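This report covers a helix packing, a buried side chain and a set of aromatic contacts. The sequence and structure come first.

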Amino acid sequence: MNDFMWECRTRVRFGQGCVKSCLEEMVDEFCAKGQNIMIAYGGGSVKQNGAYDDVEEVLKSMGYSHEGNADDGHRIVEFPGIMSNPTLKKMREGAELASSNNVGLIIGIGGGSVMDCSKAIAVQAGYEGDAWEDFWMQGLPMTHEIIPCGVVVTMPATGSEVNGCAVLTNENTKIKCDRDYPEMNPCFALMDPAYTLTMPIRQLKAGTFDILSHIMETYFSFPVEDNPADDVSEGLMRGLIRDFRIAVKEPDNLQARSNIMWTASLAENRIIKTGKTKDFQAHNMEHQLSAYTDCNHGEGLAVLHPVYYRHICRDGEAKFAKFAERVWGLNPEEYTDEAGLAAAGIEALADFINEMGLPTSLRELGFGEDEHRLLPEISGSCFISEGAFRALDAAEILQIYEECW
Ligand code: NZQ
Ligand code: ZN
């Protein structure tokens, strides 16, 4: 096993009604007296699923209100309109608002986009330099004081609620980039699975595939020998596949929704990453497709994964064979050799993507001829993973994109 360090700084409270029962305690602990609270959210879904109302009710009961001025220390500062695939511009706008309004706690309410943007706002608002340049681009250590940021999750997918990652898109340079700093972990995550029931089925599918992708991106990396992290991953993948099928058939099944929500966190609280080199090349390829076209993250991954894995299957054959047997239940005796079993596991994944009704080509993602012409440029802009079974180059990434067409 490789050496590792592990920590997760986020306090999690999971279950129906957890905002009403736990938010006050979190605010008391993390928001300094005399400072205001920013609530950040997206396009308005939080006002339909009850999350916004629950947060507002608790804050009002504690004496916070929308009225008053910045010096009061009891104000709720609103920051709505965080878009999917949040931009650097939006993050800077939020940071400016937080800095000029004496904000002592940011509460992001929503999915990965809102959580990521809120976490990044917390980093930039307390920083005199350019956080994008110093932390996202250069990866410098984060030593300045960061505004505490807590989250209320309404969509399970990214696991942003329990990691130190925030993915932003620089709309000028067309770079979509993530970084994982322990300092950027939310101070708390309140997870009420009932909020997720309003998710459109398309988002449910995309988000759940993103979770599976996070586990696979970690599992398919070194070491390939059996180890506790991969044992956990195999169990999580089997359970997620089961719950994915149930949730698609019965969208109101709260048990399946709850399982999916917690699996998203278990996939990203770094426990399955312990001692693993971590691939995330499919993510790197998807992020750049998204930077250029604003496509949906989980759907982009569904298109890319089988094609990418066919490319690297021989480089991690033993692990792909274990995946076939332990995750998809294929019988090794029915295959003449390990290579055949490994390839069959990847086809089982492709069949599952089809079965769940996820897109399987770039055209299904909405790409047209204009986007097709951009593929050489996009492939040249992708980060190359250092933890993969084999490092790709731009030419092979282009080939993968073309095979996804
Ligand atoms: O804008 P609102 O109104 O909130 O609607 C959102 C959005 O339209 C909607 N939604 C969320 N919860 C809902 C709901 N609609 C109805 N009912 C609910 N309960 O869903 C849409 C998509 O939300 P978004 O937050 O964009 O989705 P997701 O959670 O998939 O986040 C995607 C972003 O996270 C990044 C992606 O690249 C992308 O930018 N990622 C972040 C990671 C991390 N922090 O660790 C890792 C991931 O690999 C990923 O890269
Ligand atoms: Zn992802």
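## Contacts in a predicted model

Apart from neighbours within four places in sequence, S258 is in contact with F14 and P193. The model is a predicted one. S258 belongs to helix α8, which spans residues 254-268. With a relative accessible area of 16%, S258 is under the 20% cut-off and so counts as buried.

The next topic is a helix pair. Helix α11 (residues 317-327) packs against helix α12 (residues 338-355) at an angle of about 55°, and the axes are 7 Å apart. An angle of about 55° falls neither under 35 degrees nor in the range of 65 to 115, so α11 and α12 are oblique to each other. The crossing of α11 past α12 is left-handed.

Which residues of α11 and α12 meet? On the α11 side they are E317, A318, F320, A321, F323 and A324. On the α12 side they are E338, A339, L341, A342, G345, I346 and L349. Sorted by class, this contact has 10 nonpolar residues, one polar residue and two charged residues.

The aromatic residues come next. A pair of aromatic rings is described by the distance of the centres and the angle of the planes. Across the whole structure, 18 aromatic pairs are found. Two of these pairs are set out below.

| Pair | Centre to centre | Angle between planes | Class |
|---|---|---|---|
| F220 and Y309 | 4.9 Å | 65° | edge-to-face |
| F323 and W328 | 6.1 Å | 90° | edge-to-face |

The pair of F220 and Y309 links distant parts of the chain, with the two positions 89 residues apart in sequence numbering. F220 lies in the loop between α6 (201-219) and α7 (228-249), whereas Y309 lies in helix α10 (residues 297-312). Both F220 and Y309 are buried.

In the pair of F323 and W328, the planes stand at 90°, over the 60 degrees required, so the pair is edge-to-face. F323 has a relative accessible area of 1% and is therefore buried. W328 is also buried, because its relative accessible area of 16% is under 20%. F323 is one of the α11 residues that meet α12.

Where do these rings belong in the wider aromatic set? F220, Y309, F323 and W328 are among the members of one aromatic cluster. The cluster also includes Y219, F222, F244, Y308, F320, F352 and F389. F320, like F323, is among the α11 residues in contact with α12.

Notes
Residues numbered from 1 in each chain as written. Chains lettered and ligands numbered in written order. Predicted model: local features only at pLDDT ≥ 70, side-chain atom pairs only at ≥ 80, totals over all residues. Heavy atoms only, no water. Axes fitted to C-alpha atoms, helices over the stretch in contact; angles between N-to-C directions. Helix = DSSP H or I, 4+ residues; strand = E, 2+ residues; numbered from the N terminus. Parallel < 35°, antiparallel > 145°, perpendicular 65-115°, else oblique. Left-handed = near helix turned anticlockwise from the far one by under 90°. Contact = heavy atoms within 4.5 Å. Nonpolar A, V, L, I, M, F, W, Y, C, P; charged D, E, K, R; others polar. Buried < 20%, exposed > 50% of the residue type's maximum accessible area, 1.4 Å probe, protein only. Phe/Tyr/Trp six-rings, centres within 6.5 Å; stacked < 30°, edge-to-face > 60°.
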